[in-house]
Amino acid sequence: QVQLVESGGGLVQPGGSLRLSCAASGRISSIYNMGWYRQAPGKQRELVAAITSGGSTNYADSVKGRFTISRDNAKKTVYLQMNSLKPEDTAVYYCNADIWSWAQGRGDYWGQGTQVIVSS
């Protein structure tokens, strides 16, 4: 069974940094696009950043220049380095991946979410 497990969230002061990680496990053949989404209270889930298997990236305008997405294909892990954090970055962050597994074929998977709070 494919699972995505996130880590790295927490409480940080404005201007601070956090690094989120998301590791995929299971009988995985291939991982295609990977990404990070976030959902703040009372708001819809939104795309923060995404990265293709070849390393091409795209970012939400609100995080460009502050966040960096990367991946380690050997470790089946995607990262989100978040710098210059602002209170409006406060949200639950979710990892997402397009994965081909031996048991289930191709599917869209989500992590359980990790809370990020930016506050003084």
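In this predicted model, the torsion about the S-S bond of cysteine 22 and cysteine 95 is about -80°, so the disulfide that they form is left-handed. The pair joins distant parts of the chain, since cysteine 22 belongs to strand S3 (residues 18-25) and cysteine 95 to strand S9 (residues 91-101), with their positions 73 residues apart in the count. A disulfide is a covalent bond between the sulfur atoms of two cysteines. Here the sulfur atoms of cysteine 22 and cysteine 95 are 2.1 Å apart, and a search of the whole structure finds 1 disulfide. Cysteine 22 and cysteine 95 are both buried.

Tryptophan 36 is found in strand S4 (residues 28-39), and because its relative accessibility is 0%, below the cut-off of 20%, this residue counts as buried. The side chain of tryptophan 36 reaches the backbone oxygen of tyrosine 79, while asparagine 73 lies 37 residues away from tryptophan 36 in sequence. The distances for these pairs are set out below.

| Pair | Distance |
|---|---|
| Sulfur atoms of cysteine 22 and cysteine 95 | 2.1 Å |
| Side chain of tryptophan 36 and backbone oxygen of tyrosine 79 | 3.5 Å |
| C-alpha atoms of tryptophan 36 and asparagine 73 | 16 Å |

As for enclosed space, the structure holds 1 cavity of 30 Å³ or more, and the volume of the largest cavity is about 30 Å³. Its lining is made up of Gln1, Val2, Arg27, Ser101, Ala103 and Gln104, and the residues of this lining divide into 2 nonpolar, 3 polar and 1 charged.

Note on methods:
Residues numbered from 1 in each chain as written. Predicted model: local features only at pLDDT ≥ 70, side-chain atom pairs only at ≥ 80, totals over all residues. Heavy atoms only, no water. Disulfide = S-S within 2.5 Å. Helix = DSSP H or I, 4+ residues; strand = E, 2+ residues; numbered from the N terminus. Buried < 20%, exposed > 50% of the residue type's maximum accessible area, 1.4 Å probe, protein only. Polar contact = N/O pair within 3.5 Å; in protein donor to acceptor, adjacent residues only side chain to side chain. 1 Å grid on protein atoms, 1.4 Å probe; cavity = no way out; pocket = protein on both sides within 12 Å on 5 of 7 lines; lining within 4 Å. Points joined across faces, edges and corners; volume = space filled by probe spheres on them. Nonpolar A, V, L, I, M, F, W, Y, C, P; charged D, E, K, R; others polar.
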